[in-house]
Amino acid sequence: MNIHEYQAKKLLFNYGVNVTRGQVAHSVIEAEQAAEALGCESWIVKAQIHAGGRGKGGGVKFARTLTEVREQAERMLGMNLVTHQTGESGKLVQKVYIQEAYNIGKEFYLGIVLDRRLEMPVIMASTEGGVDIETVAVETPEKIIKVGIDPIIGLQSYHLRKLAYGLGLDKDQMKEFSKFIPPLFEAYLKTDASLVEINPLVLLKNGEFIALDAKLNFDDNALYRHPEIAALRDESEEEAAELEAARYELSYVKLDGNVGCIVNGAGLAMSTMDIIKQEGGEPANFLDVGGNASAETVARGFELILRDKNVKAILVNIFGGIVRCDRIANGILEAARLIHVQVPVIVRLDGTNAAEAGEILKEASIKQIIIARDMREAAQLAVQAAKGDRV
Amino acid sequence: MSILVNKDSRVVVQGFTGKEGTFHAQNCIDFGTNIVAGVTPGKGGMCHLGKPVYNTVEEAVNSTLADVSLIFVPPAFAADAILEAADAGIKLIVCITEGIPVRDILNAKKYVQHKGSRLIGPNCPGIITAGEAKIGIMPGYVFQKGRIGLISKSGTLTYEAANQIVKAGMGISTAVGIGGDPIIGTDFIDLLQLFEADEDTDAIVMIGEIGGELEIRAAEYIKEHLTKPVVAFIAGQTAPKGKRMGHAGAIIAGSKGTAQEKINALQTAGVEVSLSPAEVGSTLAELIK
């Protein structure tokens, strides 16, 4: 789960991390009031959306006067901010963060993530702050210093020294840096974060380190023990259909193609997307109705997929294990009746009771439902149908 | 012999009396798995599915000499169940549970290693040695006996692959679902090593997916150490970046963990990669005919 910058900063502040002073605003008036309340000489107005690269898209602006704060807030609120992470359609800005502007000495990058290879958290730091760290990782990987923190010993002073020496900090800077990191690492651990990113981490002219930006992601599986974090979820930032799918315990990801798919199991669902592509089509979604697929989950799957108006054909790919295919076949028929499926539905059922399932579908003889013999044929038929060819 | 489990494995089921535990344990018993006990705290002394129930794994081990544990405990308590099994001296711990916090698994895995035990999963279908023992949730009949070792990150795709292998005229020695989480107890390399040494396995099929780099490390290992033929399939060639595809671990982070880089690494290592999910069986048949 993602949260906004203003939420992340508040949370980190509570752990004792040095973050910028600021306030969130939902309207132009609130923005101006926030700026006034901060009582500083200049401000930064920052659009609050769940995506990086806001600066380049015009979502981060400097303001010297309250009038400029108002102007920037007015421009940003309601705008569709497009960044390299939002896709072409961009994201609607509903909130801005008004932050004190600081005298910046130097910018760094700082991140904490789980390293899947080392199987421990890793603190990453770089002198290349304020830019896209992915680019740094590709072009100048030697400029990223990584220090793994083995849970057996936790964060130690030598970890901090390794990072600080790697960044080329002097003695005073090292002292300040060593004050900044421990509360940040504690926040990472205690909140079950999957990512903490401070980009840029800034060394101010007065010698202290401060988080100018903050990004936090959390392990969804651990949210049950952090209700205060779960409450920070901003559903307007997420794809509506994906949220609804999650409520039914289905796993759905919307894509841009026109062949919808309903599959049991995440691996088979990904593979179904792959084979659609291999047969010349484009998948409209990833949808895993779960290892325990039932008539009901299949029906829900149809509903979700058909909300996407791009979908011109649906491929149902089920491998029955403990789940019996005849039950799934009945589910498909029920769904087709209930929600008046208009587009062709290509069905491939294999595994437990597949033959019986085939009989059930054949007997029902609904013209949109086409039975395929195997996965490849199913993909071919679905791709043809989506192109408008008769199948 | 096959690997890890056989008809002599003595299995204790943790979360035995719950809905999932009951359903799948019964399936395992019907398959012929030697389930010797169950554990559900507070239900010690009961008899369930004809097997004794204990309050703790330690009691179950002391009374029944169980050496494998199968875990169906809900996510919030599953890591604790793994730790308890390791502490009781269980050598092979199979955790089916999906949705365990990463931090909990990190710690549990370290402890399991420290105790010299092996964890399979979590978030996996389990392990099956055809005709001998099914310790998991897979449909047993799909896994007809044969001489192909199968390793997979995904559940249904494991059944799909096994089915293709059987339809192509071969069969399975042992199949292991290693799980789709970012941190898992046993990975491809551990099992490649076991299959390479197994007299009952002639060739290996590995099913990977996007996210992480286990497949790439497996490719390096295969290149150095394997003599038996390997066929692979990698799911998620069309998956978008930065989106979790069902499994907690199936995510392309930045530009890392794509299907293409895994396929390239495996091909470079001499592995026969089936690009289509429908051709795993035929690719294998072609390779070892």
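Start at the surface of this predicted model. Select Ile152(A), Ile153(A) and Tyr158(A): together they make a nonpolar patch of about 310 Å². Now pick Ile153(A) alone. Ile153(A) sits in the loop between β9 (144-148) and α5 (157-167) of chain A. Its relative accessibility is 42%, so Ile153(A) counts as partly exposed.

Zoom out to the whole of chain A. Colour by secondary structure and you should find 13 helices and 18 strands. The C-alpha trace spans about 80 × 50 × 40 Å along its principal axes. Of the 391 residues in chain A, 54% are buried. The exposed area of the chain is about 17500 Å², with 48% of it from carbon and sulfur atoms. Now turn to contacts between residues at least 6 apart in sequence: in chain A, 68% of these join residues at least 24 apart.

Next, select helix α13, residues 375-386 of chain A. Its 12 residues reach 16 Å from first C-alpha to last, close to the 16 Å expected at 1.5 Å a residue. How many of the 12 residues of α13(A) are buried? Nine are, and the helix is mostly covered. Among them are Met375(A), Leu381(A) and Val383(A). Show what surrounds the buried residues of α13(A). In chain A they pack against β14 (259-263), α9 (266-278), β16 (313-320), β17 (345-351) and β18 (369-371). Chain B adds α5 (155-167) to that list.

Check both ends of the helix. At the start of α13(A), a side-chain oxygen of Asp374(A) comes to within 3.3 Å of the backbone nitrogen of Arg376(A). Just after α13(A), Gly388(A) has a positive phi of about 95 degrees.

Now the charged pairs. The whole structure holds 34 salt bridges over all chains. Select Lys91(A) and Glu237(A), a salt bridge with its closest N and O atoms 3.5 Å apart. Lys91(A) lies in strand β5 and Glu237(A) in the loop between α7 and α8 of chain A, so the pair ties together parts that are 146 residues apart in sequence. Lys91(A) is partly exposed at 21%, whereas Glu237(A) is buried at 9%.

Move to helix α6 (residues 171-190) of chain A, where Glu176(A) and Lys179(A) lie three residues apart, about one turn. Their side chains form a salt bridge at 3.3 Å, N to O. Glu176(A) is partly exposed at 24%; Lys179(A) is exposed at 55%.

Last stop: select Glu5(A), Lys9(A), Lys46(A), Arg54(A) and Asp213(A), which salt bridges with shared partners join into one network.

How values were computed
Residues are numbered from 1 along each chain as its sequence is written. Chains are lettered from A and ligands numbered from 1 in the order in which they are written. This is a predicted model: local features need pLDDT of at least 70, side-chain atom pairs count only at pLDDT 80 or more; totals for chains, interfaces and linings use all residues. Side-chain values use heavy atoms; hydrogens and water are left out. Helices (H or I, at least four residues) and strands (E, at least two) are DSSP runs, numbered from the N terminus. The expected span of a helix is 1.5 Å times one less than its number of residues. Buried means under 20% relative accessible area, exposed over 50%, partly exposed in between (1.4 Å probe, protein chains only). Contact means heavy atoms within 4.5 Å. A polar contact is a pair of N or O atoms within 3.5 Å; within protein, one must be able to donate a hydrogen and the other to accept it, and residues adjacent in sequence count only if both atoms are side-chain atoms. Patches are made of residues with over 30% relative accessible area and no salt bridge: like charges are joined within 9 Å, nonpolar side chains (Val, Leu, Ile, Met, Phe, Trp, Tyr) within 5 Å. Accessible areas come from the Shrake-Rupley method with a 1.4 Å probe; for residues, only the protein chains shown count as cover. A salt bridge is a side-chain nitrogen of Lys or Arg within 4 Å of a carboxyl oxygen of Asp or Glu.
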